[in-house]
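Welcome! Here is a short guided look at a protein for anyone meeting it for the first time. Please keep the 3D view open as you read.

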Amino acid sequence: MTPSEFDDLRCLLRQHSGLDLSRDKQALVESRLTPFARRGGFGDLAGLLRQVRAGEPRAIADVAEAMTTNETSFFRDRAAFAHLREVILPALSRSRASRRRLRIWSAGCSTGQEPYSIAMCVKDFGAPFDGWQIEIVATDLSRAVLQRSEDGLFSQFDVQRGLPIHMLLDHFMPVGETPVGQVWRINPELRAMVTHRPFNLLHDCAPLGMFDVIFCRNVLIAFDDATRTKVLAGLSQALHTDGYLMLGGAETVRRLTDPFKPHPDRRGLYRRDLRAPLAPGAMPFKVVA
Ligand SMILES: C[S@@+](CC[C@H](N)C(=O)[O-])C[C@H]1O[C@@H](n2cnc3c(N)ncnc32)[C@H](O)[C@@H]1O
C-alpha cells in the first residue's frame, strides 16, 4: 500500500465510522486487510483498495468492520457494574416506579458480554423490577460481532474472563464441547431482555428511541476529538434528562461545552448537564405529532 493509498483509507474510515488510525498503523492495517480482501472476494489488497477509493459502500463498510477492536469481557471494569447496582438501578427503581419500564442501551456492544452483564445485574436486582418491561438494546457497527452477541454462545475462555462462577451456573447452560472446551449459552430469559440492532454511532440516534441508561464504554477511545464531541451530543439527545451515561474507565468528558457532567464520586458515570448548550440542530423541546 502506498502512503497516499493509506492516507485515503484513513480519511474514509474516519468519515464512515469515526475510527482514527494513526500513521504508524499502516503495517497493522495491511496485515488485517490482506486475508480479509481475499476472503471478501476482492482478489487482493489492491483490489479492495480500488473499491474503497471508488467509494463502494460495501468495501468501505467491510474495511471498517475489519479494523474495529472488539476486545470485551463479562463485567469488564467492576466499578462500572458497581455503579449500576449501587447508584443507577436503585434510583431508577424509584423514579420509574409508576411507568415500570426501563430502556438501557449498550452502544458498541461487541460480542455481547456487556449487554448480558447488564441483564444479569438487572435480573439479580430482583423484586423491585418484577413485572417491569426491561429492554436492553445492544448495537454495534460490526455485524459479525453483533451476530455473535445475538447467538448468545460463549466459549470456556469467554466465561472464565470476569464472570463469577455462581453467575455462570445461574445464567448459562452448557450446550456442547469443542476441542478447546465447553460452550455455554445464555439463558433464554436473559437473552429475551436484549434486542440487537446494527447501528453506527456517527448516525442519528433518534430511530433507537429514548433511554434511561446508556453504556458506551471503550468505544470513544478509538475516535478523534471532533468525532467524540459529535457522538456525545447524539447520546445526550437519546438520554432522558434524569438518565445515566457510563463511559469506559479511560474515557472522560472534559470540555465545558460537553453535554454531560461527571458524577462527583463515581468514576465513569455521567448525568446530562442541562446547562450545556444544545447540540447543533437540536430543539429544547419535543415535537409531538
Ligand atoms: C473495544 S469494543 C468495546 C465493547 C464493550 N463496550 C466493552 O467495553 O467491553 C468497541 C466496540 O465498538 C464498536 N464500534 C466502533 N466504532 C463504532 C461506530 N462508529 N459505531 C458503532 N460501534 C462502533 C466496535 O465494533 C467494537 O465492537
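## Two domains in touch

In this predicted model, 7 residues of domain 1 are in contact with 12 residues of domain 2. On the domain 1 side, helix H1 (3-17) and helix H4 (57-67) each supply at least two of the touching residues. Sorted by class, that side of domain 1 has 2 nonpolar, 2 polar and 3 charged residues.

Where do the domains run along the chain? The domain assignment gives domain 1 as 3-67 and domain 2 as 78-151 + 189-272. Their C-alpha centres lie 30 Å apart.

## A ligand between them

Now turn to the ligand. It is surrounded by 24 residues, and the closest are Thr68, Thr72, Gly108, Leu141 and Leu201. Within this shell you will find 7 nonpolar, 12 polar and 5 charged residues. Domain 1 and domain 2 both give residues to the shell, so the ligand lies between them.

## The seven-stranded sheet

Next, look for an open sheet of 7 strands, with mixed pairing and the order E6-E2-E1-E7-E8-E10-E9. Which strands stand at its edges? They are E6 (194-198) and E9 (260-262); each has a single partner strand, so one side of each is left without a neighbour in the sheet. On average, neighbouring strands are turned by 25 degrees against each other, direction ignored.

At the E6 edge, strand E2 (residues 133-140) pairs with E6 in the parallel sense over 5 bridges. You can find one of the bridge partners by starting at Asp140, which is matched with Pro198 in E6. As a general point to keep in mind while tracing strands, side chains in a regular strand alternate between the two faces of the sheet.

## Helices on the sheet

Helix H5 (residues 78-95) packs on this sheet, touching strands E1 (101-107), E7 (211-216), E8 (239-247) and E10 (269-272). The direction of H5 makes about 170 degrees with that of E8. Helix H6 (residues 113-125) lies across E1, E2, E6 and E7, and runs at about 165 degrees to E2.

Ser95 is a handy residue to look up in H5. Is Ser95 buried, exposed or partly exposed? Ser95 has 13 C-beta neighbours inside 10 Å, so it counts as partly exposed. Between the C-alpha atoms of Ser95 and Val213 there are 13 Å, although these residues are 118 apart along the chain.

## A hairpin

Strands E4 (residues 172-178) and E5 (residues 181-186) pair in the antiparallel sense over 6 bridges. Together E4 and E5 form a hairpin, with 2 residues between them. To follow the pairing, try Glu177, whose bridge partner in E5 is Gln182.

## Two loop residues to look up

Asp77 is found in the loop between H4 and H5. Although Asp77 is not a glycine, it has a positive phi of about 65 degrees. Asp77 counts as partly exposed because it has 18 C-beta neighbours inside 10 Å.

Asn218 sits in the loop between E7 and helix H11 (225-238). Asn218 has a positive phi too, of about 60 degrees, and is not a glycine. Why does Asn218 count as buried? Asn218 has 20 other C-beta atoms within 10 Å, and a residue is called buried when 20 or more lie within that distance.

Technical notes: Residues numbered from 1 in each chain as written. Predicted model: local features only at pLDDT ≥ 70, side-chain atom pairs only at ≥ 80, totals over all residues. Pairing = 2+ DSSP bridges. Helix = DSSP H or I, 4+ residues; strand = E, 2+ residues; numbered from the N terminus. Axes fitted to C-alpha atoms, helices over the stretch in contact; angles between N-to-C directions. Contact = placed C-beta atoms within 7 Å. Near = placed C-beta within 6 Å. Nonpolar A, V, L, I, M, F, W, Y, C, P; charged D, E, K, R; others polar. Domains from an automatic or database assignment. Buried ≥ 20, exposed ≤ 12 C-beta atoms within 10 Å, placed from the backbone.
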